[in-house]
Amino acid sequence: MTTPKPKFAMYWAASCGGCEIAVLNTHEKILDVDANFDVVFWPVAMDAKYKDVEAMEDGSILLTLFNGGIRNDENEHIAKLLRRKSQIMVAFGSCACEGCIPGLANLSPVGDIVHTAFNTLTTDNPHEIYPRTSYDVPEGELHIPKLAKILRPLDDMVDVDYYMPGCPPESHQIAAVIDLVIKVVKGEAELPPKGSVIGVGDSTVCEECPRTRNVKTIKYFKRIQDVAPVDPDLCLLEQGIPCNGPATRSGCNARCPSAGAQCIGCYGPAEGVIDYGARLITAFASVIDAQEPEEIERILDGIPDPAGQMYRFNLAGSLLKANREAWKAK
Amino acid sequence: MNKYLFYPGCSMESSAKAYMESLNTILEPLELSFEEIEDWNCCGATEYLGINLIPAYSLIARNLALASNQMNPMNGTGATHTIVAPCSACYLNLAKADHYMQERPSLGAKVNQALEAGGLHYTPGTLDVRHLIDILVYDVGVEKIRSKVVHPLTGLHVAPYMGCMLPRPDYKHRWSDHEHPTELVDVLRALGADVIDYPLTTECCGGHMTQIGPETAFELIRRLVADADDRGADLMATVCPMCQMNIDAYQNEMNHFFGTDYHIPVLFFTQLMGLAFGREPEELGIGAELVSARNALAHIGVEVPVTQEPAGPRKKSEGLPMPRRLNKHEGKEVVK
Amino acid sequence: MTERVGVYVCHCGSNIAGTVDVVDVANWAEEKLAHLGVVVAREYKFMCSSLGQELIEKDIKELGLTRVVVAACSPHLHEKTFRTAAKNAGLNPYLVELASIREQVSWVHTDKAVATAKAKAVISGAVSRVIRNEALDELKVPINPNTMVVGGGIAGIQSALEIANAGFHVYLVEREPSIGGHMAQFDKTFPTLDCSACILTPRMVEAGTHPNITLLTWSEVVNVAGYVGNFHVTVKKKARFVNEELCTGCGICEEKCPKKVIDDVFEAGLGYRKAVYTPFAQAVPKFPVMDKENCTYFQKGTCKACEKFCPTGAIDFTQEDQLLHIDVGNIILATGYDLFDARQVSNYGYGRLPNVFTSIEFERLSNAAGPTNGTIVMRDGKSTPKSVGIIHCVGSRDKNFNNYCSVICCMQGLKFAHLVHERTGATVYNFYIDMRTAYKAYDEFYQRVLEEGTLFVRGKVAEVTDAARYSNEKGKLIIQVEDTLAGKQRRIPVDMVILSAGLQPRYDAKDVGKLFGISCSTDGWFTEKHPKLDPVATMTEGIYIAGCAQGPKDIPSSVAQGAAASARVLDKILQKEVALEPVRASIDKDSCSGCRICNGLCPFNAISFIEDDHVSDINPALCQGCGTCVAACPAGAISGTGFSDEQIMAQIDGLLMKNLEPEIA
Amino acid sequence: MTEQFEPTIIGFTCNWCSYRAADLAGTARMKYAPNVRLIRMMCSGRLDPTFVLRALSGGADGVMVTGCHPGECHYIEQNYKALRRFLLLQRVLVGMGIEPQRVKLVWASAAEGAKFAAETTAFVEEIRALGPLNWGKADDVPQTADDIQAAIEQGVDQKEAVS
């Protein structure tokens, strides 16, 4: 008789779903998951009810990959529920780790977000219909999840064992982590210390970037489409392109800079860094070749959206977390 | 063609007509194109700022506002943000208004409040306010001027007189020096003139003191004329209508006052440029000056035609006589 | 491990206790900061007294304290005191933190409740910080006993002689062909009127012949690498085209050279020299240099008169610039000053009016070895002035030029007044703003000049002109001045005007500062480590400054500074090794991505990029501990001892009293 | 009498100029507002933007960064680097809805005790005028479904008012 397979869960909170695709992109490795785990809850892949999870014993799930941030009370409920039921809780993907693109909504108060979603030029909403958190229908009262004031990363809500950043995490890294967990289950390997960031490199993107780097001094920042031609072999930042590589965790094999695009920072901060944006501010400011305030300001004008540039993936996980207007919203 | 917005100022149409006429002759050879500010008004001259600040600045800033509207595009021929004034007082007033509106935002706001009544607005710093000679030296260049000379002024001893308002205060660090600027010297040398060392080049011509305290003005004019004469100048060259008028129109009275007999003609530097560029004296307004330059120019073979004698004493006005003015001391109105 | 922290609150008599409730603060710290490890908090009248220090030492030993916070005065005053006390008790000195509650609290606030609350916050910050302090050890570096002195003026000569006489080797580098500096150009020195050359030349000769001094004239430092104790200096020895081994200094080459040039340097443009020349008769070394730009052979290809007549065959047209690599332990910069260019004050007419002279021109004019053999004449070379105006503060104390006082100009003006009076009998006017005659025997000299009949007009001269207004002014220079004592405008016609021009930093002082890794003040003078207590040291260990390079000063002060800098160097040499503050940055190579953001940030060149490993590295001996790279590293790979992120972040939380809140699970 | 708002401000000083300026203000017994609590670093170049963010998110109402005058840095030119960082940080803070005046960069030499005192007092008044920052504090208020609904509707109202 075989011992029962350990239980596996995966959940999709406030995120785009790309992380789920990335898991599937591990190709035949996905079969290993099935072979070694009993998948008990994975809404995107199989039918399951919340009440089934609620019925499970606490700690009965070995591994939960939780992707997405916490933006509404449903996200919050499931995060807390899965935490209770799981032995290992992994914040999977940038949204769960640090908010990611959905976290950028923290730059706006919640009312504005809803308004933007339901009443802009691209939304055909002639009757000005807006969602209501509860609605009476003949069958009774319906509820939709209640939006929170700001989006929070998973560890703002529950204790997280491991972090696996990336938008999405690179499939080869996912595969490696799956291998590791299977080995651990088989008693062939040990888990890394709790709180570790897994499936990443030791340093930042520059380490893996094939471009040539020199001592950097720049006189302007320009969007990549405004730089013509882009030198294919030279560090993008040295060409005045705001590349987030220097401050972004390695592990992706410098995918974007290798392909000719600047790093936008989806792997989040390096080990031990408290605030990703602060590191990027200081990196960009350090390479500016000017001493007079007026000239520095002129150069900085080349970064039209500083908050968005510094915190594209990290806003919800930063020290400030959100725009003041978002905090002030009632 | 280098294009500029042009603020002529009142005197260019009256007392300094010769300046305007001669200026017009040098634009083409130097490839300059001036577009006059439409509907410009008086700059307030030297007095108004001393009387009432806000209206005076508003008066000046109206010109700047009009000019900034005209800035871009210029009749479809390209943009400029430089406004040129040939008169030193106009130049200084325009520059001053631009400077202080920026330095004192509260002043700027008040002035703009006034301009709003006429639907105008001026953002200080929008325009570059420059004097004609600044453009000639630093944009056109002395070499280009030299290259257009067909009749060098060799042998003509010229005292270069810049006047006091041009190099000071120098808000934008435009001038070579504030006491002994070289711009005018460089232009005159390029024309081939023998420029004398003239230490009083930035001393005061008397300004409006000719109107309110002539004795003071006479002494100032005497110093300028006497030093030029001592140093063997045939004539003085100036860049400012007021300087020209004071030294020219009051030289005779000054001589009378001190019992001296100086005869130093004062011409606009553009008139000398015109001569050097081969224009005829009549085209340049030469002959209209009160202290005649005919003898001085004869040194270099320029013949100035005899112009009409100045008009005789003003005729008595025709029609009915005016009532006598009220004399307060008499305590009662006296009707003639 | 939980740290055991002791907090010591000083009364400083009533200096602190008068405004801060020290007992309340101590009790509060013991109670509210206990969870951070505070095991004892005491207040005491004078913590810095020996009894106060003993109190701390006793607690360290008996209570097993692992961290100490002293809430007292500024760390700039007593950090060293308490660190030493901790060291005596066996605790690493860097585990002691000072909380400044005197300069930052009790002395600047009045409300006792507010001051007490702020003192608590400051202590809270210090406690949070100190528990994250690390034990640090000073870095020890051996000292190369050789020294380089840059600049061969009187300050540099003095420095070199002091060190050489103490038995250590000195390289004295001078840009000009001879040492001597500005002092060699002067005629007399105030206030004693000693002949400048008479007192200077013996020193020059001593420096030139000293076995411990290597003289490198016609040479410039082009590169400095290394750090205190171990500098590697590259000196460019410019080609003299004269073989120093063969030359006897006989002067025949100079005599035979057909090319005469205006001497803008030594003769200040008033005299001539040849294309091959020694700047002045007493030059040290005696070897001439050849001025390539003016040499007929170099320019036209023929001449070689000097070569033909040289009895020892020392002329060598093929000589080239040489780069010398010299290792030294300490460097003294005595690079001097430039004279203010009086042409900038166009209203004084220098450069336009022939009979307006600068102070250095007048020095040459009055110098018996100068172009007129000491006869004071006007620009025509023959007429003696009957009246002379001396204008003070030319280019100094003037917002348009230099705001500072050039120190020497008043005394210099008085000296000129005396010389003119003595040699020509002319009427002399001094135009001054304030008469500054501080220092020994200076004011007595002023009194003497007053008694000699020199006239003094207090007022800033508006203009010197040749535009005569009245007949008595014809052919004269007219000095227009507001006589502020008489309260009226005056026009004083004179024959000659002397501008007592100010001193200003060398035109290349900023570049030189950068080369040696030291900074300049806004005015451009080299910045000393402390304006009062450390005037010859700089922020860069092992680099000292002396003489006018540090700021305008007279000869006695320059000599004193030269000697002082040498004393500091000798102190270093005799210690054989130097301890460096262990506040340093270092790079974790595993975390470094090799992005090279930090590479351009270090002005001390401590950061280098290791191509092979694709990582950057910091040389701890070069690092001065500013922390700029620590703050800049985008990967968080650079950490700084003494001021780590953890320490500062904890201090922020402590100051905001965030450390008092219960930990959030 | 209403109680006036007493801001809490964190000040960063460099060891060589501005901290000594603060010392000098103390030695000269100059009185200034007690709201600023200082942190000594070796150089303004040590200022990591994280410190400012930490202070603002941790309850400070303003942050004052001080250093040597440009050109007078004891580390030659590191205060220029602080200046560049500061200007970029300020832009990011504006993007986060924080008034740029809440962070201030002041150059003060070791001799400028009076300037240090005056700038400190002036900054405290500026922050007092801006009011408390209270970063993230409103978040502690529990939310109800009604709050969110109200916010949505309020958002709609605002947009309509604009358009």
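Biologist: Let's start with chain B and chain C: how many residues does the contact take from each?
Modeller: Happy to help, and bear in mind that this is a predicted model. Residues count as in contact when their C-beta atoms, placed from the backbone, lie within 7 Å. On that basis, the contact takes from chain B seven residues and from chain C seven residues.

Biologist: And by class, what does the side of chain B that touches chain C have?
Modeller: Chain B gives seven residues to this contact. Sorted by class, that side of chain B has two nonpolar, one polar and four charged residues.

Biologist: Turning to chain D, which element gives the most to the side that touches chain C?
Modeller: Here 39 residues of chain D are in contact with 43 residues of chain C. At least two residues each come from α1 (18-27), β2 (36-41), α2 (49-57) and α3 (78-95) of chain D. With six residues, the element that gives the most is α1(D).

Biologist: Into what classes do the residues on that side of chain D divide?
Modeller: The side in question belongs to the contact where 39 residues of chain D meet 43 residues of chain C. Its residues on chain D divide into 18 nonpolar, 10 polar and 11 charged.

Biologist: What pattern does chain D follow along the sequence?
Modeller: Its secondary structure comes to five helices and four strands. Read along the sequence, these elements of chain D give β-α-β-α-β-α-β-α-α.

Biologist: Among contacts in chain D between residues at least 6 apart in sequence, what share joins residues at least 24 apart?
Modeller: Chain D has 163 residues, and 62% of them are buried. For its contacts between residues at least 6 apart in sequence, the share joining residues at least 24 apart is 81%.

Terms used. Residues are numbered from 1 along each chain as its sequence is written. Chains are lettered from A and ligands numbered from 1 in the order in which they are written. This is a predicted model: local features need pLDDT of at least 70, side-chain atom pairs count only at pLDDT 80 or more; totals for chains, interfaces and linings use all residues. Two residues are in contact if their C-beta atoms, placed from the backbone, lie within 7 Å. Ala, Val, Leu, Ile, Met, Phe, Trp, Tyr, Cys and Pro count as nonpolar, Asp, Glu, Lys and Arg as charged, and the others, Gly among them, as polar. A residue is buried if 20 or more other C-beta atoms lie within 10 Å of its own, exposed if 12 or fewer, and partly exposed in between; C-beta atoms are placed from the backbone.
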